[in-house]
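Welcome! Here is a short guided walk through the structure shown below, with the terms explained as they come up.

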Amino acid sequence: MTEVDITLTVNGATRTGSTEARKTLADFLRDDLSLTGTHLGCEHGVCGACTVIVDSRAVRSCLMLAVQAAGSDVTTIEGLAMKGAGEAGGELSTLQQAMWDSHSFQCGFCTPGMVMQAAAFLSAHPDADEQQIREALSGNICRCTGYQSIVDGVLLAAERIRER
Amino acid sequence: MKLAPVDYEAPRTLSEAVDLLAEYQDEASVLAGGQSLIPLLALRLAQPAVLIDINGVAELAGVSQTDGWVTIGATTREYVAEESVTIADKLPLLAAALPLIGHEAIRSRGTVGGSLAHADPAAELPAVARALDAEFVVRGPDGERVVPAAEWFEGYLTTSRQADELLTEVRFPAARPGTGTSFQEVARRHGDFAMVGLATSVTLDDGTITDARLAFAGVSDVPARATAAEEILAGQRPSAELFDEAARQAAADIDPPSDLHGSAEYRKKVAAALVRRGLREAVDNAQERQ
């Protein structure tokens, strides 16, 4: 069994740790860094709940080993609000506020993955239409909403981003 | 759902990677994008003693072109291939198939070589490689070997790669003028594995089909060429009747599986419909590329 020392950037801060090779990035974030905002649903790459942003791309953190994130820049759900205010627990991001205003979510389990997927997509495609947003979110499963309220929230965020 | 304990090697060069494979052989799994391997490890359907992570081998990634061929390094990520101008221009069939692989987050990590080495017969890229007669370059302790697509896929998740060999790159012949392509699939939801998929490539010369390729995904344990249907098309002028005849032949020649997503009989009907759709779109594209 291999233990590996890794250094990576998480939500703007440099973090170091020692991890077993078999540990996924999701488990490392949750268990070693206590960032439990990242949720684990299926743990084999089907549900999308564990989506985080690695080097500007949405990635399923249950399908990436922690050792593979060494040297990478990782953003988790905890890092979105931080960016707006420059510190933890700051103001909601434009996307988060728009989803709040749209009552996008119910139980909250899929929320972090859905928000991170939408955040990565919107930063690359601020002009996206409803069909493109549905396509981008198609890998994230929600069992409560029927998706309409989620899509509404992302559309509202896109509109607010474009108006800025 | 947690991976079993496993050793980990992260070679930085191709020769280091090949040496490690020679040392561990069957005990090792090669980790590229991990989008198929890590689920197998999490479900403990695969329990290698060591993972050889080739993501740090820089020379394995990249897209290049030389005299009529486009070469894609094994660890080229699917989203990178999706954004490649060379692939959009020279390999329209591959460009059409790439956005259908999994979901956006899967393509962030998944690699072209990884999908082709994993060899899921329902996946898009194996059908594309089979349709275009791609060439697989593998490297082992005795040097390099080139395997044609027809000999690469041996069975479900099984290729002719030996335990001490590493897939380093895949070469695709660039589409010639007059060639049109189409990738069609029917899946329960976008992003799911297709119940049936079809890679189509048609070359027209002066209105006559000089070359037709049809490769199915999801109908057998390997991506399957519809050779009898291809022969019906060769030398003919495109028409709805001709496409119907090819579709009937292609559907008659396959023996697809039945599962909870669809019966074998249903898959045959889908296959015939995809042949008609694929040929229509490919011929339209071929006429535009004359």
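An axis here is a line fitted to C-alpha atoms, for helices over the stretch in contact, and angles run from 0 to 180 degrees between N-to-C directions. Helices (H or I, at least four residues) and strands (E, at least two) are DSSP runs, numbered from the N terminus. This is a predicted model, in which local features need pLDDT of at least 70 and side-chain atom pairs count only at pLDDT 80 or more, while totals for chains, interfaces and linings use all residues. Residues are numbered from 1 along each chain as its sequence is written, and chains are lettered from A and ligands numbered from 1 in the order in which they are written.

**Helices that cross in chain A**

Let us begin with helix 3 (residues 94–101) and helix 4 (residues 111–124) of chain A, whose axes come within 10 Å and cross at roughly 125°. That angle is why helix 3 of chain A is called oblique to helix 4 of chain A. For reference, angles under 35 degrees count as roughly parallel, over 145 as roughly antiparallel, 65 to 115 as roughly perpendicular and the rest as oblique. The crossing of helix 3 and helix 4 of chain A is right-handed; a crossing is left-handed if the near helix is turned anticlockwise from the far one by less than a right angle, and right-handed if clockwise.

Which residues meet where helix 3 and helix 4 of chain A touch? Helix 3 of chain A brings Leu95(A), Gln96(A) and Met99(A), and helix 4 of chain A brings Val115(A), Ala118(A), Ala119(A) and Leu122(A). Two residues are in contact if their C-beta atoms, placed from the backbone, lie within 7 Å. By class, this contact of helix 3 with helix 4 of chain A has six nonpolar residues, one polar and no charged. Ala, Val, Leu, Ile, Met, Phe, Trp, Tyr, Cys and Pro count as nonpolar, Asp, Glu, Lys and Arg as charged, and the others, Gly among them, as polar.

Helix 4 of chain A also passes helix 6 of chain A: their axes come within 11 Å and cross at roughly 35°, again in a right-handed crossing. On the helix 4 side of chain A the contact uses Met114(A), Ala118(A) and Leu122(A), and on the helix 6 side Ile150(A), Val154(A), Ala157(A), Ala158(A) and Ile161(A). The contact of helix 4 with helix 6 of chain A has eight nonpolar residues, no polar and no charged.

**A few residues up close**

Ile150(A) sits in helix 6 (residues 148–163) of chain A. Leaving aside neighbours within four places in sequence, Ile150(A) is in contact with Ser104(A), Met114(A), Leu137(A), Cys142(A) and Thr145(A). Ile150(A) and Val115(A) lie 35 residues apart in sequence, with 9.2 Å between their C-alpha atoms.

Is Ile150(A) buried or exposed? The table gives the answer, along with three other residues. A residue is buried if 20 or more other C-beta atoms lie within 10 Å of its own, exposed if 12 or fewer, and partly exposed in between, with C-beta atoms placed from the backbone.

| Residue | Other C-beta atoms within 10 Å | Class |
|---|---|---|
| Ile150(A) | 26 C-beta atoms | buried |
| Tyr147(A) | 16 C-beta atoms | partly exposed |
| Leu157(B) | 15 C-beta atoms | partly exposed |
| Asp244(B) | 14 C-beta atoms | partly exposed |

Tyr147(A) is in the loop between helix 5 (130–136) and helix 6 of chain A, and has a positive phi of about 75° although it is not a glycine. Leu157(B), in the loop between strand 8 (153–155) and strand 9 (158–159) of chain B, has a positive phi too, near 55°. Asp244(B) belongs to helix 11 (residues 240–252) of chain B; its C-alpha atom is separated by 24 Å from that of Ser258(B), 14 residues apart along the chain.

**Domains and chains**

Chain A is assigned domain 1 (3–78) and domain 2 (86–163), with bounds that come from an automatic or database domain assignment. The centres of the two domains of chain A, taken over C-alpha atoms, are 21 Å apart. In chain A, 15 residues of domain 1 are in contact with 14 residues of domain 2.

Finally, 26 residues of chain B are in contact with 25 residues of chain A. Helix 6 of chain B gives the largest share of the chain B side, five residues. By class, that side of chain B has 14 nonpolar, eight polar and four charged residues.
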